[in-house]
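Trainee: I should like to understand how the terms used for a structure are justified. May I put some questions to you?

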Amino acid sequence: MLRVASIVWGVEDVSRAVAFWCAALNYKPREKPDIDWAVLVPISGEGVQVAIDKADERATGHRPRHHLDLYADDPAREVDRLLKLGATRVARDYPPDADFVVLADPDGNRFCVVQK
């Protein structure tokens with residue numbers, strides 16, 4: 001079973017985005033933000049988290065600005081199921097400790113299946 005865990009928002013300035021989205025949504029950082037990454041959660045404790053990710057489109061020319069992170073207890077099974085539904089794998093270099101797989105829906109919109 002998949003669930004939406006994060007809406008990942010690609011930004012140029014992480015600290016500026018953290019300040020804006022925390023104020024706009026009544027959220028707070030889950031932990032101390034990094035220079036290129038932060039996860040925001042509702043102060044009320046209920047709702048979807050928002051991940052703020054440093055997006056460097058100038059370097060790649062094609063980095064998507066926004067995507068969903070979907071948590072799965074059994075990511076391999078979910079990836080297989082999603083591929084059968086019409087998703088495709090996105091070619092990329094994964095870090096050795098990656099806990100996610102990048103896929104694209106039939107329209108090319110990217111999303112991650114993350115081990116939870």
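Mentor: The discussion below concerns salt bridges and the residues that form them, in a model that is predicted.

Trainee: How many salt bridges does the structure hold?

Mentor: The structure holds three salt bridges.

Trainee: Where is E78 placed?

Mentor: E78 belongs to helix α3, which covers residues 75–85.

Trainee: Why is E78 called buried?

Mentor: The relative accessible area of E78 is 3%. Buried means under 20%, so E78 is classed as buried.

Trainee: Which residues touch E78, leaving aside its neighbours within four places in sequence?

Mentor: With those neighbours set aside, E78 is in contact with M1, L2, A72 and V113.

Trainee: What makes the pairing of R81 and E78 a salt bridge?

Mentor: The N to O distance between their side chains is 2.8 Å. The definition asks for a side-chain nitrogen of Lys or Arg within 4 Å of a carboxyl oxygen of Asp or Glu; therefore the pair R81 and E78 qualifies. Both residues lie in helix α3, three residues apart, which is about one turn of the helix. Salt bridges with shared partners also join R77, E78 and R81 into one network.

Trainee: Why do the side chains of E78 and R81 also count as a polar contact?

Mentor: Their polar contact is 2.8 Å. The cut-off for a pair of N or O atoms is within 3.5 Å, so the distance satisfies that limit.

Trainee: How do you know that E78 and R77 form a salt bridge?

Mentor: The closest N and O atoms of E78 and R77 are 3.7 Å apart. The limit is within 4 Å, and the pair is therefore accepted as a salt bridge.

Trainee: Why are R77 and R81 described as partly exposed?

Mentor: R77 has a relative accessibility of 47%, and R81 has a relative accessible area of 41%. Buried is under 20% and exposed is over 50%, with partly exposed in between; R77 therefore counts as partly exposed, and so does R81.

Trainee: What makes E31 and R30 a salt bridge, and how accessible are these residues?

Mentor: The closest N and O atoms of E31 and R30 are 3.0 Å apart, and the criterion is within 4 Å, so the term applies. E31 has 41% relative accessibility and is partly exposed; R30, at 42%, is also partly exposed.

How values were computed. Residues numbered from 1 in each chain as written. Predicted model: local features only at pLDDT ≥ 70, side-chain atom pairs only at ≥ 80, totals over all residues. Heavy atoms only, no water. Helix = DSSP H or I, 4+ residues; strand = E, 2+ residues; numbered from the N terminus. Buried < 20%, exposed > 50% of the residue type's maximum accessible area, 1.4 Å probe, protein only. Polar contact = N/O pair within 3.5 Å; in protein donor to acceptor, adjacent residues only side chain to side chain. Contact = heavy atoms within 4.5 Å.
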